[in-house]
Amino acid sequence: MKSIAGKLLFGLVVSGIIGGIVLGVLVTYQYGLLGRNPPPLNRTILEITEHVIVPVGVFLFLFGTGALLVVRRVEAQLKATARDVCQAAQELRSYQTPGDALPTELKPLTDAVNVLTERLEAHARRQEAFAADAAHELKTPLAVLAVSLDRLPTDEAAPLRAQVRALSEMVDQLLLLARSNSPDLVQRRSLIEPGALARRVVAELAPAAFQAGRSLSVEEDAAKPFHGLEEAVAASLRTLVVNALRAAPDGAEVVVKAGPGASLTVIDGGTGLASDELERLKARGIRADRAPGGAAGLGLAIADRIAEAHGGELVTCLPECAGLSLHFPEVHAA
Amino acid sequence: MRTLIIEDNMELARLLAERLGARGIDSDIAAGIEEADDHMAVGQFDAIMLDLGLPDGDGIDWLRTLPADRPPVLILSARSTLDDRVMGLDTGADDYLVKPAEVEEIAARLRALVRRPGRRDPVILKVGNVTFDPTSRQAEVDGQVLAIGRKEADFLEILLRNAGKVVPRERLEGSLYSASDPVTPNALEAVASRLRRRFADAGEEDILHTVRGVGYFFGTRKSL
């Protein structure tokens, strides 16, 4: 019996039994039920019923009913608070239990949890500030590097420029990831239309895709909006598209599909990633295309973490198609 | 052309000055706001290149204090989010580049800023072997005149003015068809394929590209 109501019931039964025995002994002693001249049996039963069973029964019934009512009320309060906490978790914001929402006996627990939440929030803020500082600090040497490359002949500088660009993109992604995890995400986020976002990212990348001998297109299918940090989600989608362009065979078309629902799928016409392989890549943050060397790639891992920070996830769309999908929680009408 | 580089990282500032110098753009360097004020008091600049996080204040705040007749300002900052860029441009900066930027692009943006007042688009638009004269509405490939209709000419002009960038189909539809004009779903694609045929006949293949579900862009592998 782990519920408070169960424990109370158990306690009442035990105290009923003990109380009954004590009363029984008292009644026996007072009326000499076990003496030399005991009263007749029906009188004995009447005495025991009147002085033991009825009082103990009435007491147990009233006390039990009262206790159960109190327990139900506290349970309702707890459920209401839990709903608020779940809502906060859904919206990825922190939550402080108000002091008067629950009985004072629970205050030590709510206070302790509030302190924990506060500390986690402060930690997330510090981490974001740290990521912002780190990004800033990393960008200055990158800027020096980019400008220095101008001294080299164009053909020698080109591959190095690509590396600087890739590094810089990664720094931006890390910063966006930190922002996505920030407690201030709720204030910063907006309503994202998957179709509009897909068109924006594809428009940005289409000329480069053409140069690399691939093409890009957008398809929409019953897409639904979701809440998020648009730039962060755009960075995730960009990573998926860039990966897909790399994985797609020459001349292939990479399709970005908005919907159904709050999802964005990038289909590359390659062999696709099995879900255990994707999990491994997400965890280790290594390059999805397994190409040796080249730009350092935390891309897929960061894309997944950004989706996760939005309450979503990055999944493979095998066996239906070869590609990856970002799923986000849909916005429910209030 | 003379610019003022306001940048606290001396190594970056010197490198920028050197590489811009190689492109005929002379620069003075200020390591902070105070130095920038000194330079502004005595020098005449065609453009200012401004870093935002400076040791003695924020570049944005300094920008607000400048008089209206100041030279055009190009912000070169590590702050890369859309909010940062919008704020920079809203404060009155004329252009915004995110670090690390390449010298070629910085120089191009500076030249564009200095050119901006009274700037005219080049009279003849040109991408690869394709040219278009916006006044006579005449398109040519390698000097060979193409026979194209009014809608094709309008379509081509918009794409050429945005060469290398994807132009959304809504924007093309808005420009090519009036609000009362019923646009059939394939109307735009029909215009694009007619143009493509004309280009192919003149020997220019693979220059007008459809991005299905988004729009169109113009460019050759070399021009992009």
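This is a short exchange about how some features of a predicted model were assigned.

Colleague: What makes chain B more spread out than a compact globule?

Modeller: Its radius of gyration is 22 Å, and the globule rule gives 17 Å for 224 residues. The value is well over the rule, so chain B counts as more spread out than a compact globule. The C-alpha trace of chain B spans about 60 × 35 × 30 Å along its principal axes.

Colleague: What is chain B built from, and how many of its residues count as buried?

Modeller: Chain B has eight helices and 14 strands. Of its 224 residues, 36% count as buried. Among contacts in chain B with a separation of 6 or more, 56% are between residues 24 or more positions apart.

Colleague: Why is Asp142(B) called exposed?

Modeller: Count the other C-beta atoms within 10 Å: Asp142(B) has 11. Exposed means 12 or fewer, so Asp142(B) qualifies. Asp142(B) lies in the loop between strand 10 and strand 11 (144-145) of chain B. Its phi is positive, about 55°, although Asp142(B) is not a glycine.

Colleague: And why is Arg137(B) called partly exposed?

Modeller: Arg137(B) has 15 other C-beta atoms within 10 Å. Exposed stops at 12 and buried starts at 20, so 15 falls in between. Arg137(B) sits in the loop between strand 9 (130-133) and strand 10 (138-141) of chain B. The phi of Arg137(B) is near 60°, again a positive value in a residue other than glycine.

Colleague: How do you know that the length of helix 6 of chain B agrees with its number of residues?

Modeller: Helix 6 covers residues 150-161, which is 12 residues. At 1.5 Å a residue, the expected span is 16 Å. The end C-alpha atoms are 17 Å apart, which agrees.

Colleague: Which residues of helix 6 of chain B are buried, and what puts them on the same side?

Modeller: The buried residues are Glu152(B), Ala153(B), Phe155(B), Leu156(B) and Leu159(B). They cover an arc of only 165° around the axis, which puts them on the same side of helix 6 of chain B.

Colleague: What makes strand 12 and strand 13 of chain B edge strands?

Modeller: Three strands of chain B form an open sheet in the order 12-14-13, with antiparallel pairing. Strand 12 (167-168) and strand 13 each pair on one side only, and those are the edge strands.

Colleague: How do you know that strand 13 and strand 14 of chain B pair?

Modeller: Pairing needs at least two bridges, and four join strand 13 to strand 14, so they pair. The two strands run antiparallel. One detail: the bridge partner of Thr210(B) is Tyr216(B), in strand 14 of chain B.

Colleague: Which elements of chain B touch chain A with two or more residues each?

Modeller: The contact takes 29 residues from chain B and 28 from chain A. On the chain B side, helix 1 (10-21), strand 13 (208-211) and strand 14 (215-218) give two or more residues. Helix 1 of chain B gives the largest share, five residues. By class, this side has 14 nonpolar, nine polar and six charged residues.

Colleague: What makes the bond from Gly259(A) to Pro260(A) cis?

Modeller: The omega of that peptide bond is near 0°. Pro260(A) is in the loop between strand 4 (253-258) and strand 5 (263-267) of chain A. The peptide bond from Leu318(A) to Pro319(A) is also cis, with omega near 0°. Pro319(A) lies in the loop between strand 6 (313-316) and strand 7 (323-327) of chain A.

How values were computed: Residues numbered from 1 in each chain as written. Chains lettered and ligands numbered in written order. Predicted model: local features only at pLDDT ≥ 70, side-chain atom pairs only at ≥ 80, totals over all residues. Rg over C-alpha atoms; globule rule 2.2 N^0.38 Å. Contact = placed C-beta atoms within 7 Å. Nonpolar A, V, L, I, M, F, W, Y, C, P; charged D, E, K, R; others polar. Expected span 1.5 Å × (residues − 1). Arc of directions from axis to C-beta.
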